[in-house]
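Visitor: Please take me to one part of this model and stay with it for a while. I would like to hear about the metal site and the loop beside it in the sequence.

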Amino acid sequence: MSAFTVRLKFHSDLSFFLKSKTVLVERQFREKASIKDVIESCGVPHPEVDLILVNGQPADFAHVADRDTDVDIYPVNGRTFFQENRLQTAHIKKFIADGHLGKLVHHLRLLGFDVMYDPAAEDRQLLGAIKSAQRALLTRDRRLLMHAIVQHGYYLRSQYPFEQTIEVLRRFNLSSAFAPFTRCLRCNALLEEVEKGEVIEQLEPLTKIYYEQFRRCAGCGQIYWPGSHFDKLLRRIEGIRATLAMKR
Ligand SMILES: [Zn+2]
């Protein structure tokens, strides 16, 4: 097979992933390759790509490049054209986070979102869970995000948990889907309201006196009440809402 050239133009913030930060990349090939592999050879994980145009026509990741081609690659945000050819699902509310993201997971669960998280899990176990549970992967591991099993996912740009939370909420359009204090921060199971009498034996003396409303985790049994930490959590939620409302 004679050599051919694929010219790729990465639009909008996809330049974040490119080594040279130039949005135009040329690649020479001697064997045919899937568009997924061509794009990822430039450093851009496929879950970050929402639209591919090959010589102006929409294509999916399995499209085979075997001749001189111009490819336009668009990220998830800014859906204004070729709506029906988009490759990503915008509204996902269930996630799986890889290790080292404990604080992000805490923030998302506080807002009520379902986030599987096991800091001890190996990549192999993580990928197995993604396959069976249809969740979007949240990670700062680009290689992991490029794995063919991963259909939906997001590479966290920031290393700071608060900013990461804002990124996820924006990427998956979650700002109107908050359900604060409905999910266990420890284990991710849903909380249920319980009578004080049911949990009174497990409460500290002052908690017994001052609080009347309790919720219990259906998974691990952890008891929650609007105690001293509650104001801090409320302020965090307000901070998230205020940041989301700001223009980028
Ligand atoms: Zn729990």
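Guide: Happily! C217 is a good place to begin: with a relative accessible area of 4%, C217 is buried. Here buried means under 20% relative accessible area, exposed means over 50%, and partly exposed lies in between, using a 1.4 Å probe and protein chains only. Before going on, please keep in mind that this is a predicted model, where local features need pLDDT of at least 70 and side-chain atom pairs count only at pLDDT 80 or more, while totals for chains, interfaces and linings use all residues. Residues are numbered from 1 along each chain as its sequence is written, and side-chain values use heavy atoms, with hydrogens and water left out.

Now to the metal. The zinc ion has C184, C187, C217 and C220 as its protein donors, each through its SG atom, at 2.3 Å. Donors are N, O and S atoms within 2.8 Å of the metal (3.2 Å for Na, K and Ca), and sites may look incomplete because water is not among the atoms. The arrangement is tetrahedral because the 4 donor atoms subtend angles of 95 to 118° around the zinc ion. For four donors, that label requires all angles to lie between 85 and 135 degrees.

Along the sequence, the donor residues follow the spacing C-x2-C-x29-C-x2-C. Distant parts of the chain are linked by one pair, 30 residues apart: C187 comes from the loop between α5 (161-171) and β12 (191-194), and C217 from strand β13 (residues 214-217). Helices (H or I, at least four residues) and strands (E, at least two) are DSSP runs, numbered from the N terminus.

What about the accessibility of the other donors? C187 counts as partly exposed, at 32% relative accessibility, and C220, at 40%, is partly exposed too. As for cysteine pairing, the structure holds 0 disulfides, a disulfide being a pair of cysteine sulfur atoms within 2.5 Å.

Let us finish in the loop between α5 and β12, where N188 lies. N188 counts as buried, at 9% relative accessibility. Its side chain makes a polar contact of 3.3 Å with the side chain of R109. The N188 side chain also reaches the backbone nitrogen of V115, at 3.0 Å. A polar contact is a pair of N or O atoms within 3.5 Å; within protein, one must be able to donate a hydrogen and the other to accept it, and residues adjacent in sequence count only if both atoms are side-chain atoms.

Terms used. Tetrahedral: all angles 85-135°; square planar, octahedral: opposite > 155°, others 65-115°.
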